[in-house]
Amino acid sequence: MLPRKRAAGGEAVVEEGEPDFAAESPIKKLCSSAATTGNSKSSDNSNNNTIDNKEEIKNNTSATDVKSPIMPLGNGRSPDIDEDLHSRQLAVYGRETMRRLFASNILVSGIQGLGAEIAKNLVLAGVKSVTLHDEGVVELWDLSSNFIFSEDDVGKNRALASVQKLQELNNAVLISTITTELTKEQLSNFQAVVFTDISLEKAIEFNDYCHNHEPPISFIKSEVRGLFGSVFCDFGPEFTVVDVDGEDPHTGIIASISNDNPALVACVDDERLEFQDGDLVVFSEIHGMTELNDGKPRKIKNARPYSFTIEEDTTNYASYEKGGIVTQVKQPKVLNFKPLREALEDPGDFLLSDFSKFDRPPLLHLAFRALDKFTVELGRFPISGSEDDAKKFISLVASINDSSTDGRCEEIDEKLLRHFAFGARAVLNPMAAMFGGIVGQEVVKACSGKFHPLLQFFYFDSVESLPVEPLDPSDLKPLNSRYDAQISVFGSKLQKKLEDSRVFVVGSGALGCEFLKNLALMGVCCGKQGKLTITDDDVIEKSNLSRQFLFRDWNIGQAKSTVAASAAALINPSLNIEALQNRASPETENIFDDTFWENLNVVVNALDNVNARLYIDQRCLYFQKPLLESGTLGAKCNTQMVIPHLTENYGASRDPPEKQAPMCTVHSFPHNIDHCLTWARSEFEGLLEKTPAEVNAYLTNPSEYTSAMKNAGDAQARDNLERVLECLDRERCENFQDCISWARLKFEDYFANRVKQLTYTFPEDATTSNGTPFWSAPKRFPRPLLYSADDTSHLQFVMAGAILRAETFGILIPDWVKSPKKLADAVNKVIVADFQPKKDVNIVTDEKATSLSTASIDDAAVIDELIMKLDKCQKQLPPGFKMNPIHFEKDDDANYHMDLIAGLANMRARNYGIPEVDKLKAKFIAGRIIPAIATSTAMATGLVCLELYKVLDGGHRLEDYRNTFANLALPLFSMAEPVPPKVIKHQDMKWTVWDRWILKDNPTLRDLLQWLKDKGLNAYSISYGSCLLYNSMFPKHRERMDKKLVDLARDVAKAELPPYRRHFDVVVACEDDEDNDIDIPQISIYFR
């Protein structure tokens, strides 16, 4: 592509001038010849389905009566939201919630570890302002949990010391401080206030003010005390939740409706219905029983996977004919919060996180009240290891419990309360990260009404994280180090284990940044023997900055792992960290070799795809290393502990694969916008990436390319040649007007001609072989579009298509393309031939078909003819001619990629009467953007690091570990002990997937067989990879008995065993003496 500068709108520019309507050029042949027919080839491999629709798009000048969101020329983005920065967050919240956040002023009081985490999450979310309140100064103790402070900050006011680093996270957020005593009148400046270090008396005073204020000020009180945490929310007497769960409304495609009372509605069995009894739904697009198309919400009952009933008498309604969509109506919900004064005495139902601790929240409710009383009376927290303080604390709990009228605890767990007292002063980083995520999300709910708030108390503990061995009080004493708070809970022995551990963090994105921060604060890998290795092969993009908080805008384009490692080392200079830019995969096992894996203590996954997770899981399984797994999806997060010999591995249970729409649905019968966008993405890649790449492959070595196509001799080879020839001959562009002609004719081909051919082949009254209507649900009958220069979306499609086509041919883009009038004038010059549908066109309708290319007996002859034409065409090309394939990039709104994809999808949706989407929504679907927010990421990593204490301490039982699924939107927390691995037994032996049998000293085949025989196992087959080294049925294989197994692997299987490999693995099939197959572990043969 020729060098050119960028204009503000993102398009390349040349000197200002009028359209250059060129003389004869290859594209003119398209204008004067018959337009491409409905069966013209495309590189379609999208997903589509279909619905029935009688909305007609009339084939006349009023074709644009079907309104669509106008896509403005140029970037067309919302002026008040930086979509490049917030795209992943927008996918969770939507624009309206984001706008409410941008207008919200928040107070965070108490900037210790928890306050810092909450403030970080709110600044990343992009609220209008965050005011930090703290009257205290930074202590060395704070460095256990606060990522903002360094040792240089000791003695400074906490709020003032936090401003600069928090401001770096998001310059759009105003950050200010209050360093003097807070008055309740000051609270009126905020929409939400958060307190993390406040007495109960003061909290009640402030909460009363907030609760009675007009409008109410949302009040949140949260504390982290050692391994115990609490949250209290009060959003006022009447708080309206606009969207309780953030999920899209459920829909269904109707198959039939009975004339009955109540009426039975059946839906197509394409996908299970997600409706529940009591849901409200509306009907649309029903043919026949049109009485239901009135838009009135109706309540459903008897919800089943593919049917439900409505409380309505349809006996006298018109009979159902066809079509129809049923859509859930999401209702707002009004919540009545009690003020803290009342809720303390009558807390109502506690939100549970762990059903094995169902009796724990009432006790912790007492414990936090007793701790407040203790600190008020003594002016300090209980001292860790002090039995006197623990007894005093326990007596206060008992006293409060005895005076309680409702909710009195029958039993006081003194051991638990002792742990509570000992850790009461400490704010642990994993707890702060977890609660920082929870509280940050509650603030977002308070400001926006998006998602269901916490009602009203939540208590959590992780006492299972404590060391297995009882702690000596002397081991809990401070050492005047930055880890003193953590030592006061876990003791100095576990602290030493943390510091000397060797950890592998895989991935340095959102999860990876949070993990590095947590590990640095915990002191993991900060000792002389410790080492943290992090790897990530990705570079930083602007969209990362809204949640990958170790990165700044000046880091864009740099390696993620390197920048994150440097940032983590600033949090704790003692961190021993090595950053790599290698993807952990079979191709990098020379870097991550046996020695590397054998020296690890634990692996922490921070990955974003299943295949990479499965590979790391197999490596951990093989080397018997603990794997701490986590993931997020919007407001949801999950964690899974994979512990050698205790739990099943990650790959032992898999989610079912996502259902893919049949190819014929995507190509010809779409019935939702996802199908249209899948098709659009496929067309984009076919036209602008694959075909230009195919052209370059041909031009690089024409004889080799054509020879390969001849040898293939199939429909795919024919298609490739046709596309290359079309690109270099009939559709070759020599100037920008050619590009406009190409784009305009593509519009005609896609949205008029193909539809006309389809409806000619399958008319609206067509029937299937068994007599049923062909266009029955879920198929939708399409209508062709008539191009209109007055329709901005039509013009936008042509502009985006022409600009990108020009890029592939290296044609300069003129400045006048930005003028709608001049562009429209240029488009009007294009000659569009009339289209005549053809008979006997083959349109694929088989849902099991995997290709749209159909083989023909004369493929070879056609290929020969195409090669001859290509040869002639090539000789007419300019010397050194090459095309510029365009690789789809979703996160650059100035490149017109999403403009074209959204245009393709929306025009197609208009053909089929499917609701259209704006460019942002199109980007989410076509770009396969994973919704992500900082709060769920922080919570997931906090939960994982609570498990890391257990892993590095060692000796914990299965029941001590926790897997978690959480949904901050609901909110829902579900914790359970992991599933143990499946045990296989044979005679007096037993093993699991974790076991690997090892043979050392370079054994022979005979040695291996005898070794197994001694275990009562008869091996009948031994293989290396896909190659058979031994099978008892082959007499010749007995000649291999005295050969070394390594030689068999090299000679028979052609194994390449590099110098860094000391062993290889064989799979052995065995049976016992009764000829029963026995599934044995993998066997490793050590030959060095």
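Let me begin with a term: a residue counts as buried when its relative accessible area is under 20%. With that in hand, and keeping in mind that this is a predicted model, we can look at Cys676, which has a relative accessible area of 0% and is therefore buried. Cys447, at 13% relative accessibility, counts as buried too, because that value is also under the cut-off of 20%.

Now to the question of bonding between cysteines: how many disulfides does the structure hold? The structure holds zero, and for Cys447 the nearest cysteine sulfur belongs to Cys233, 12 Å away. For Cys676, the closest cysteine sulfur is that of Cys664, at 14 Å, which is too far for a bond because a disulfide needs the two sulfur atoms within 2.5 Å.

Let me turn to the strands. Six of them close into a barrel, in the order S8-S9-S12-S11-S10-S13, with antiparallel pairing, and the twist from one strand to the next averages 50°. Within this barrel, S8, residues 251–257, is joined to S9, residues 263–267, by three bridges, and Ile254 has Cys267 in S9 as its bridge partner.

There is also an open sheet of eight strands, ordered S18-S17-S16-S19-S20-S21-S22-S23, and here the pairing is mixed. Its edge strands, S18 (577–580) and S23 (972–976), each pair on one side only, while the twist averages 10° from one strand to the next. As a parallel example, S19 and S20 pair over two bridges, with Leu627 in S20 as the partner of Val603. Finally, helix H14, residues 560–571, packs on this sheet, touching S17 and S18, and its direction makes about 165° with that of S18.

How values were computed
Residues are numbered from 1 along each chain as its sequence is written. This is a predicted model: local features need pLDDT of at least 70, side-chain atom pairs count only at pLDDT 80 or more; totals for chains, interfaces and linings use all residues. Side-chain values use heavy atoms; hydrogens and water are left out. Two strands pair if DSSP finds at least two bridges between them. Helices (H or I, at least four residues) and strands (E, at least two) are DSSP runs, numbered from the N terminus. Axes are lines fitted to C-alpha atoms, for helices over the stretch in contact, and angles run from 0 to 180 degrees between N-to-C directions. Buried means under 20% relative accessible area, exposed over 50%, partly exposed in between (1.4 Å probe, protein chains only). Contact means heavy atoms within 4.5 Å.
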